[in-house]
Amino acid sequence: MKTQYFAATSLDGFLATEDDSLDWLFPLGDMQATGYPEFIAGVGALAMGSATYEWMLRHAETVAAAWPYTQPAWVFSSRTLPGIPGADIRFVSGDVRAVHAQMQAAAGGGNLWIMGGGDLAGQFYDAGLLDEMILSVGSATLGRGKPLFPRRVLHPVLRLLSVRQIGEGMAVLHYEVRKSTA
């Protein structure tokens, strides 16, 4: 069981524009070619922040379903958000460590997907819980927006496991997060 941050980013390190738009991403390549189908098949539980969840609600027609996940999902938010009938969504706030334990228990041996945003992934990293980062890097720059990973990561270093080109506009970088031995 691994805790994985699987996300798409612009070349200059942004997940989305300041107003949470992902319109820059879709023309760059076929997201199914990024390995997403294989990735999601191994996911047992997922976590996201409120901005990601609200984007999912606003773009239900883009993602092909009101809620495309069968796995239990934890949404981190300090606000009250609407649920989705029939979806296993758990609204939480606070320290990611307690939620991580709940996710592991519910995942049935599957991996844990930290879907976004960047600060939430950073919180899992800060707690020593993040195992891998799988990043689809698009050939676009945004100049500003929602950062991919608002953390300084110098040690432990990320170890590059693989690089794969997706068409002419994207590359998938797969990193292992090396844990500190201290």
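Here are some questions and answers about a predicted model.

Q: In which strand is E132 found?
A: Let's look at where this residue falls along the chain. One strand covers residues 132-138, and E132 is found in it. That strand is β7.

Q: Is E132 buried or exposed?
A: Start with the number: E132 has 6% relative accessibility. Buried means under 20%. So, at 6%, E132 counts as buried.

Q: With which side chain does the side chain of E132 make a polar contact?
A: E132 is in contact with several residues beyond its neighbours within four places in sequence, including K2, Q4, H174 and V177. For the polar contact between side chains, look for the pair at 2.6 Å. The partner there is Q4.

Q: Which are the edge strands of the open sheet?
A: Eight strands form this sheet, with mixed pairing, in the order β5-β4-β3-β6-β1-β7-β10-β9. An edge strand pairs on one side only, so check the two ends of that order. The edge strands are β5 and β9.

Q: Which residue in β6 does Y5 stand opposite?
A: Strand β1 takes in residues 3-10, and it pairs with β6 (residues 111-116) in the parallel sense over three bridges. Across from Y5, in β6, you'll find I114.

Q: At about what angle to β4 does helix α3 run?
A: Helix α3 (residues 96-106) lies across β1, β3, β4, β5 and β6. Helix α2 (residues 50-58) lies across β3, β4, β5 and β6, but its angle of about 100° is given to β3. For α3 and β4, the angle is about 165°.

Definitions and conventions:
Residues numbered from 1 in each chain as written. Predicted model: local features only at pLDDT ≥ 70, side-chain atom pairs only at ≥ 80, totals over all residues. Heavy atoms only, no water. Helix = DSSP H or I, 4+ residues; strand = E, 2+ residues; numbered from the N terminus. Buried < 20%, exposed > 50% of the residue type's maximum accessible area, 1.4 Å probe, protein only. Polar contact = N/O pair within 3.5 Å; in protein donor to acceptor, adjacent residues only side chain to side chain. Contact = heavy atoms within 4.5 Å. Pairing = 2+ DSSP bridges. Axes fitted to C-alpha atoms, helices over the stretch in contact; angles between N-to-C directions.
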